[in-house]
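Please open the model in your viewer and keep the side chains at hand, because this tour moves from ring to ring. Each stop says what to select and what is found there.

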Amino acid sequence: LFKTLYLTGRIQWGTITYDRDDLAVHVEAIGGKAPYQYKFVFERPAQAWGLETITYTQDYSDDNVYELERINSSDIKDGYHGSTPEIECKLNVYIKDANGVEISREMPIFYTGEIPEG
């Protein structure tokens, strides 16, 4: 089972902005049989249009922290007119215990060009 799954870094009002290098997802397992291994698959649109997807994979290892790839606003806006759009990314997190039992959870992650006021 998932004990914890959370995001750290410079996040304001639950919003992640483009051009950041300091974001990481942390996961911990409970139940099953220790030790555990963790796998992360991060999918994001290549541009605002969302026609192409870029996938990053951190294969199974003992490392339970995944540093999110930097998403540059200039890449997202390439060929797009208007303000920098919000995009939805997807992180699939997998945990495998010592018996080979695997569980997973999908975590949506949203990026925007502006921090909301409040």
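In what follows, a residue is called buried when its relative accessible area is under 20%, exposed when that area is over 50%, and partly exposed in between. Bear in mind throughout that this is a predicted model.

Begin with the aromatic side chains, among which the structure holds four aromatic pairs. Select F40 and Y66, whose ring centres lie 5.4 Å apart with their planes at 15°, so that this pair is stacked. Colouring by strand helps here: F40 belongs to strand β4 (residues 37-45) and Y66 to strand β6 (residues 65-67), so the pair ties together parts that are 26 residues apart in sequence. Both F40 and Y66 are buried.

Next, select F42 and Y56, where the ring centres are 6.3 Å apart and the planes meet at 25°, so this pair is stacked as well. F42 is in strand β4 and Y56 in strand β5 (residues 53-61), and the pair thereby links distant parts of the chain, 14 residues apart. F42 is buried, with a relative accessible area of 0%, whereas Y56, at 23% relative accessibility, counts as partly exposed.

Now show F40, F42, Y56 and Y66 together, since these residues form one aromatic cluster.

The last stops concern charges over rings. Select K39 with Y94, and you will find the charged end of K39 over the ring of Y94, 5.4 Å from the ring's centre. Then select K96 with Y60, where K96 lies over the face of Y60 at 4.3 Å from the ring centre.

Methods. Residues are numbered from 1 along each chain as its sequence is written. This is a predicted model: local features need pLDDT of at least 70, side-chain atom pairs count only at pLDDT 80 or more; totals for chains, interfaces and linings use all residues. Side-chain values use heavy atoms; hydrogens and water are left out. Rings of Phe, Tyr and Trp (its six-membered ring) pair if their centres lie within 6.5 Å; planes under 30 degrees apart count as stacked, over 60 as edge-to-face and the rest as tilted. Helices (H or I, at least four residues) and strands (E, at least two) are DSSP runs, numbered from the N terminus. Buried means under 20% relative accessible area, exposed over 50%, partly exposed in between (1.4 Å probe, protein chains only). A charge sits over a ring if NZ of Lys or CZ of Arg is within 6 Å of the ring centre and within 35 degrees of the ring normal.
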